[in-house]
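Reader: I would like to go through this structure piece by piece. Please give the reasoning along with each result.

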Amino acid sequence: MSATTLARWLDRLPGLGAFVVETADTVSASNLSARQTRELCGLVEGEGWRLTIFDQANESWTRDELDEDLAPFRVTIVKPPAGIDAARILTDVGFAAWLAEPSASVCQVARLSRPFETLGVRFTSWDEAATPFEPAEETASPRSLVREYNGQARAPSDVRTWLLRDVDGGPFDNSTFRIWMAAAAVHTLHAVPDEIDPVNGSLKFNGPPRLALHVSADVTEVLSELSIDGFKNLQRGVRWVFENAREAEMRHALFATEVARSGIETDRAEIYLREHAEAALDGAKIAYQAALAQLSSETLKALADLRKAVTEETAKVTEATRQIAGAVAAALAVGIGLMAARVTSAASGNLIIAIMIVAAAYVFMVILSGLQFTWLQRDLRRGWQPRLYRYLPRSEYQALVLTPTGRAEASLFWVAGIGGFITLIISTVVIFPKIWT
């Protein structure tokens, strides 16, 4: 007797008036007759699992003590552990409940015919050995892109659990897989719109034209109306939107706009997306490529403007460097002439000192002007870089802007330092002639 047979038997009980509740470690079946309890005990004992039997008064009984007069009974079955950090689900009832709040990256489901993988969870049968699973990289949360105002979040917080790695590779004929499909259909539908109405829960698209679509409260009906082909197309669309976290916001807006433009034949979301998800995805991809082309041209223009600005700035710094060098040369010539005048003529010493002081002051004013300009440009770059050029990585901004301007500034600083030192020396010699006479 296999766990699949036991799971199938338990899943029939709700249709017979019984109740089945499954937790991480146990499965409880209540409101059972004595005959149903004996049959269930036989199946469980065939698996070698532990169980307990209670009546309505919460008294414990054994299988041999069961009597219809004591019914209804409640049977609690202890499931065997999965062996790794995985969820182990016996019934489809329990699987549907687990999908409401997925809590593991590996989920073993007894009635699953063959394994399948989503971006966030690997689902297997009990017969397959459970191995660790590495989810895909975290993507943007639909809740950050879909506006909701009433605090009741309908959009999924993490869409990876609801996106197949291989859209065509699922066991579509398996009833357990279709439970996951129904849940995935509802969650992916709520990840598509621009906004979810806080009153009736309809999916609202800004368009143009504006569009509102209603989602059925019956998840089985949602999947039935969506159809397998529609489900696959919806998977492809949502996968394209969220596959790149950095571009998810733009892709979401493009896809939602294309959905709104596709048609207005119905207000049922599952029927509408069945008909138009594929065309909307194609349109969104074309719009995305056009947007990239526009961004590329704008980026090239911005880079050209940046190149022009850097060239002009370095030219101005270079010109300031030349001015400093010219001023120092002039001061040096004046200083040598004044030294010669002291030796060969009877010129007034005070006049010679005054002329040298004026020449030195001119040099230092030119140096200070160049340094002030350089410091001002540096502050401007620091202030505008995060506003105008944040699209450039730090390494590229360093290569395109900071390195060339830094070299120009270094030349200015060297010329200013050496020129100032030479001017100071020649001024000292002229003003204090005893040093060299």
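Author: One point comes before the questions: this is a predicted model. We can begin with a residue that has an unusual backbone angle.

Reader: Is S227 buried, partly exposed or exposed?

Author: S227 lies in helix α5, residues 219-242. Its phi is near 75°, a positive value in a residue other than glycine. Most residues other than glycine have a negative phi. With a relative accessibility of 25%, and because buried means under 20% and exposed over 50%, S227 counts as partly exposed.

Reader: Where does N58 lie, and what is its phi?

Author: N58 has 48% relative accessibility, so it counts as partly exposed. Its place is the loop between β3 and β4. N58 is not a glycine, yet its phi is positive, near 65°.

Reader: Which residue with a positive phi follows α2?

Author: Helix α2 covers residues 34-47. The residue that follows α2 has a phi near 80°, and that residue is G48.

Reader: What span should helix α2 have, and how far apart are its end C-alpha atoms?

Author: Helix α2 has 14 residues, and the expected span is 1.5 Å times one less than that number. This gives an expected span of 20 Å. The end C-alpha atoms agree with it, being apart by 20 Å.

Reader: Which elements do the buried residues of α2 pack against?

Author: The buried residues of α2 include A34, L40 and V44. C41 is another of them, and it counts as buried because its relative accessibility is 0%. The elements that the buried residues of α2 pack against are α1 (3-12), β2 (26-32), β3 (51-54) and β5 (73-78).

Reader: Which strands are at the edges of the sheet of 5 strands?

Author: This open sheet has antiparallel pairing and the order β1-β2-β5-β3-β4. An edge strand here pairs on one side only. The edge strands are β1 (19-22) and β4 (60-61).

Reader: What is the bridge partner of L51 in β5?

Author: Strands β3 and β5 run antiparallel and are joined by 4 bridges. In β5, the partner of L51 is I77.

Reader: What is the strand order in the sheet of 4 strands?

Author: This second sheet is open and has mixed pairing. Its edge strands, which pair on one side only, are β6 (87-89) and β8 (116-117). Read across, the order is β6-β7-β9-β8.

Reader: In which sense do β6 and β7 pair, and over how many bridges?

Author: Strands of a sheet pair either parallel or antiparallel. Within this pair, I89 stands opposite V109 in β7. β6 and β7 (residues 106-109) pair in the parallel sense, over 3 bridges.

Reader: Which residues of β7 are buried on each face?

Author: In a regular strand the side chains alternate between the two faces of the sheet. C107 counts as buried because its relative accessibility is 0%. Both faces of β7 are covered, with V106 and Q108 buried on one side and C107 and V109 on the other.

Reader: At what angle does helix α3 run to β6?

Author: Helix α3 consists of residues 92-100 and lies across β6, β7 and β9 (122-124). A97, in this helix, is partly exposed because its relative accessible area is 48%. The angle of α3 to β6 is about 145°.

Reader: Which residues touch the most other members of the largest nonpolar core?

Author: The largest nonpolar core has 61 residues. One of its members, W98, is in contact with A87, I89, S103, A104, C107, V121 and F123, leaving aside neighbours within four places in sequence. A second, separate core of 25 residues includes A7, L43, F73 and A110. In the largest core, the residues that touch the most other members are W98, F123, W180 and F231.

Reader: What is T374 in contact with, apart from its neighbours within four places in sequence?

Author: T374 has its place in helix α8, residues 349-388. It counts as buried because its relative accessibility is 1%. Apart from those neighbours, T374 is in contact with V317, E409, L412 and F413.

Reader: Which residues does the cis peptide bond with omega about -5° join?

Author: Most peptide bonds are trans. One cis bond joins G207 and P208, with omega about 10°. P208 is in the loop between β11 (203-205) and β12 (211-213), and P209 is found in the loop between β11 and β12. The cis bond with omega about -5° joins P208 and P209.

Note on methods
Residues numbered from 1 in each chain as written. Predicted model: local features only at pLDDT ≥ 70, side-chain atom pairs only at ≥ 80, totals over all residues. Heavy atoms only, no water. Pairing = 2+ DSSP bridges. Helix = DSSP H or I, 4+ residues; strand = E, 2+ residues; numbered from the N terminus. Contact = heavy atoms within 4.5 Å. Axes fitted to C-alpha atoms, helices over the stretch in contact; angles between N-to-C directions. Core = buried A, V, L, I, M, F, W, Y, C linked by side-chain atoms within 4.5 Å. Buried < 20%, exposed > 50% of the residue type's maximum accessible area, 1.4 Å probe, protein only.
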